[in-house]
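Me: Please take one part of this predicted model and look at it closely. I would like a connected account that begins with a single side chain and works outward to its surroundings.

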Amino acid sequence: MKLEHWIIVAFIALCAGMTGVFLSGPLNNARPSSSAAGLHDLVHHDLNLSKDQAGKLDVIEDRFAIRKSDLEARLKGANRALAEAISADKTNSPRVQAAIEEFHQAMGELQKLTIEHVFEMRELLTEEQAAVFDAEVVRALTED
């Protein structure tokens, strides 16, 4: 395999991993990253949500989980298509490029969906809760 192919594969894997770090946790309940776990714990335990807020949050999270799952399936499909194209074509072919574009599109949609989810959760919060939430979101996105 040519060096340019390995670079493409490594870049896509890196992007997928970075997306996964932020998206796991409250948005997936499976092995949360420390950032996502911090946001999840904050919302569910530290902000002292009212029963009404907690009920609305559950609905928001359930809806998000379905949409997220669909996009994750697209990402996996694009990775499979990329692997097949690289294996078959052994060059940076139109098929390879199409798989990369599909992956990038799905990843971008997943990132946008996640940010929309964060803002949708924020709408449930009181002004005081939102200030704490905002600080945690910024911390999670900027921690090293």
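Reply: The side chain of glutamine 53 reaches the backbone oxygen of leucine 124, at a distance of 2.7 Å. Glutamine 53 itself is placed in helix H3, and with a relative accessibility of 9% it counts as buried, because the limit for that class is under 20%. If neighbours within four places in sequence are set aside, glutamine 53 is in contact with Asn48, Leu124, Leu125, Thr126 and Gln129. As everything here comes from a predicted model, these distances are computed from its atoms.

One of those contacts, asparagine 48, deserves a word of its own. Asparagine 48 lies in the loop that joins helix H2 (34-46) to helix H3 (51-89), and its phi is positive, at about 50 degrees, although the residue is not a glycine. Asparagine 48 is also exposed, with a relative accessible area of 63%, whereas its contact partner glutamine 53 is buried at 9%. A second residue with this backbone feature is lysine 90, which is likewise not a glycine and has a positive phi near 55 degrees. Lysine 90 belongs to the loop between H3 and helix H4 (94-123), and it is exposed, at a relative accessible area of 56%.

Within helix H3, the residue just before glutamine 53 in number is aspartate 52, whose side chain meets that of lysine 56 in a salt bridge with an N to O distance of 3.3 Å. Aspartate 52 and lysine 56 are 4 residues apart in helix H3, so about one helical turn separates them. Aspartate 52 is partly exposed, at 49% relative accessibility, and lysine 56 is also partly exposed, with a relative accessible area of 42%.

On the other side of the glutamine 53 contact, the chain passes from helix H4 (94-123) to helix H5 (127-142), and these two helices are joined by a further salt bridge. The side chains of arginine 122 and aspartate 134 meet there, at 2.6 Å from N to O. Arginine 122 lies in helix H4 and aspartate 134 in helix H5, so this pair ties together parts that are 12 residues apart in sequence. Arginine 122 counts as partly exposed at 31% relative accessibility, and aspartate 134 is partly exposed as well, with a relative accessible area of 28%. Side chains of opposite charge can pair in this way when their charged atoms come close.

Helix H5 also holds a salt bridge between glutamate 136 and arginine 139, in which the closest N and O atoms are 2.5 Å apart. These two residues are 3 apart in helix H5, so they too are separated by about one helical turn. Glutamate 136 is buried, with a relative accessible area of 14%, while arginine 139 is partly exposed at 35%. The count of salt bridges comes to 8, and Arg74, Glu102 and Glu109 are linked in a network of such bridges.

Glutamate 136 leads on to the nonpolar interior, since it appears among the contacts of leucine 39. Leaving aside neighbours within four places in sequence, leucine 39 is in contact with Phe133, Glu136 and Val137. Leucine 39 is one of 13 residues in the largest nonpolar core, and together with Val43, Leu47, Met121 and Phe133 it touches the most other members. The elements that give two or more residues to this core are H2, H3, H4 and helix H5 (127-142). Apart from it lies another core, of 9 residues, among them Phe64, Ala78, Met107 and Leu113.

A further buried position in helix H4 is leucine 110, which has a relative accessibility of 2%. The C-alpha atoms of leucine 110 and arginine 67 are separated by 8.6 Å, although the two residues are 43 apart along the chain.

Set against the whole chain, these details belong to a protein with 5 helices and 0 strands, which follows the pattern α-α-α-α-α along the sequence. Of its 144 residues, 37% count as buried. Among contacts with a separation of 6 or more, 71% are between residues 24 or more positions apart. The accessible surface of the chain is about 8600 Å², and 58% of this belongs to carbon and sulfur atoms.

Terms used
Residues numbered from 1 in each chain as written. Predicted model: local features only at pLDDT ≥ 70, side-chain atom pairs only at ≥ 80, totals over all residues. Heavy atoms only, no water. Buried < 20%, exposed > 50% of the residue type's maximum accessible area, 1.4 Å probe, protein only. Core = buried A, V, L, I, M, F, W, Y, C linked by side-chain atoms within 4.5 Å. Contact = heavy atoms within 4.5 Å. Salt bridge = Lys/Arg side-chain N within 4 Å of Asp/Glu carboxyl O. Polar contact = N/O pair within 3.5 Å; in protein donor to acceptor, adjacent residues only side chain to side chain. Areas by Shrake-Rupley, 256 points an atom, 1.4 Å probe, with all protein chains shown as cover.
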